[in-house]
Amino acid sequence: MEFKGKVALVTGGSRGIGAAIVRRLARDGADVAFTYSASGQAAESLARELEASGTRSLAIRADSRDPAALQAAVNRVAGELGRLDILVNSAGIFHAGPVENVTLEEIDDTLAIHTRAVFVASQAALAHMGSGGSIVSIGSCFAQRVPYGGVTLYAMSKSALIGFTKGLAREVGERGITVNIVDPGPTDTDMNPADGPTAEAELDLMAVKRYARPEEIADTVGFLAGSGSRFISGASLAVDGGATA
């Protein structure tokens, strides 16, 4: 029960990697809140699952594009659950295509969710977080290596998290708070299924010839949020099957 007595918030936690992180933190004893945007049914189901296991939980509808909604969600978690120890920035989208076809709306959408929301949520969380706190963001292996075209916007947005993480780690280290990134490779979710049309090409780029399970990404997040990683901060951990090797 690594996180017994602690409270976590996972943005974009109703499905995919986010839901796996929610379950992992809850399994290890945390009370876990999570945000969602459109997946209301999945969010309600996950919240009921957590409550049935004895975990206090909040499913909060908050679009990461909306800074005020995100700030309100963070403050609600700290108010209703009494504290905030762990923030996981997991909300994400994927706009792909050649640079010449990318629209201004897609640029704004991607940067709002992948960069601005991470800054806003972290800023709000730090007002409630004490020594031993942890902020973990979900990046991408594309932040380190882009092996083909069509993902420039996505790679740019995830690369921004590296500078954010290193800068924030410097700012809050003396407070006993760690800040890190997990950079997944291809992971079997509804956004990028292991049997999808690009799966064969993805596997060709990897040393380990399979997609990750969401739980494997969640395990790394759990490690970074836990007591065994208190001397790790400002780091990016690749969980990508050797895609960036």
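1. To start with the term that the sheet description rests on: two strands pair if DSSP finds at least two bridges between them. Please keep in mind throughout that this is a predicted model. With that in hand, the central feature is an open sheet of seven strands, paired in parallel and ordered β3-β2-β1-β4-β5-β6-β7. The edge positions belong to β3 (57-61) and β7 (236-239); each has a single partner strand, so one side of each is left without a neighbour in the sheet. From one strand to the next, the twist averages 15 degrees.

2. Let us look at the β3 edge in a little more detail. Strand β2, residues 31-36, runs parallel to β3 and is joined to β3 by five bridges. If you would like a residue pair to find this register on screen, take F34, whose bridge partner in β3 is A59.

3. Moving to β4, there are parallel pairings to follow on both β1 and β5. Four bridges link β1 with β4 in the parallel sense, and β4 with β5 likewise pair in parallel over four bridges. N89 is a handy residue for tracing both pairings: N89 is the bridge partner of T11 in β4, and the bridge partner of N89 in β5 is S137.

4. Which way do the residues of β4 point, and are they buried or exposed? I86 and V88 point one way from the strand, while L87 and N89 point the other way. All of these residues are buried, that is, under 20% relative accessible area.

5. Next, the helices on the sheet. Helix α1 (residues 16-27) lies across β1 (7-11), β2, β4 (86-89), β5 (134-138) and β6 (178-184). The direction of α1 is at about 175 degrees to β1. Helix α4, residues 104-126, also packs on the sheet, where α4 touches β4 and β5. Its direction makes about 175 degrees with that of β4.

6. The packing of α3 against α4 deserves a look too. Two packed helices are described by the angle between their axes and the distance between the axes. Here, the axes of α3 and α4 come within 9 Å and cross at roughly 35 degrees, and the crossing is right-handed. On the α3 side, the contact is made by P67, L70, Q71 and V74. On the α4 side, the residues are R116, A117, V120, A121, A124 and A125. By type, the contact residues divide into eight nonpolar, one polar and one charged.

7. Now for the charged pairs, of which the structure holds 13 as salt bridges. In one of them, the side chains of E49 and R23 meet at 2.8 Å, N to O. E49 lies in helix α2 (residues 40-52) and R23 in helix α1, so this pair ties together parts that are 26 residues apart in sequence. Both partners are partly exposed: E49 has a relative accessible area of 38%, and R23 is at 39%.

8. A second pair brings in helix α4 again. R65 forms a salt bridge with D109, and the closest N and O atoms are 2.3 Å apart. Because R65 lies in the loop between β3 and α3 (67-81) and D109 lies in helix α4, the pair ties together parts that are 44 residues apart in sequence. Are these two partners buried or partly exposed? R65 counts as partly exposed at 34% relative accessibility, whereas D109, at 16%, counts as buried.

9. Another salt bridge joins the side chains of E216 and R210, at 2.7 Å from N to O. R210 counts as partly exposed, with 41% relative accessibility. There is also a network to trace: salt bridges that share partners join R24, R27, D28 and D219.

10. Finally, a glycine in a loop. Where is G176 found? G176 sits in the loop between α5 (152-172) and β6. At 25% relative accessible area, G176 is partly exposed. Leaving aside neighbours within four places in sequence, G176 is in contact with S131, G132, G133 and R230. As a link back to the residue in point 2, G176 and F34 are 142 residues apart in sequence and 24 Å apart in space, C-alpha to C-alpha.

Key:
Residues are numbered from 1 along each chain as its sequence is written. This is a predicted model: local features need pLDDT of at least 70, side-chain atom pairs count only at pLDDT 80 or more; totals for chains, interfaces and linings use all residues. Side-chain values use heavy atoms; hydrogens and water are left out. Helices (H or I, at least four residues) and strands (E, at least two) are DSSP runs, numbered from the N terminus. Axes are lines fitted to C-alpha atoms, for helices over the stretch in contact, and angles run from 0 to 180 degrees between N-to-C directions. Contact means heavy atoms within 4.5 Å. A salt bridge is a side-chain nitrogen of Lys or Arg within 4 Å of a carboxyl oxygen of Asp or Glu. Buried means under 20% relative accessible area, exposed over 50%, partly exposed in between (1.4 Å probe, protein chains only). A crossing is left-handed if the near helix is turned anticlockwise from the far one by less than a right angle, and right-handed if clockwise. Ala, Val, Leu, Ile, Met, Phe, Trp, Tyr, Cys and Pro count as nonpolar, Asp, Glu, Lys and Arg as charged, and the others, Gly among them, as polar.
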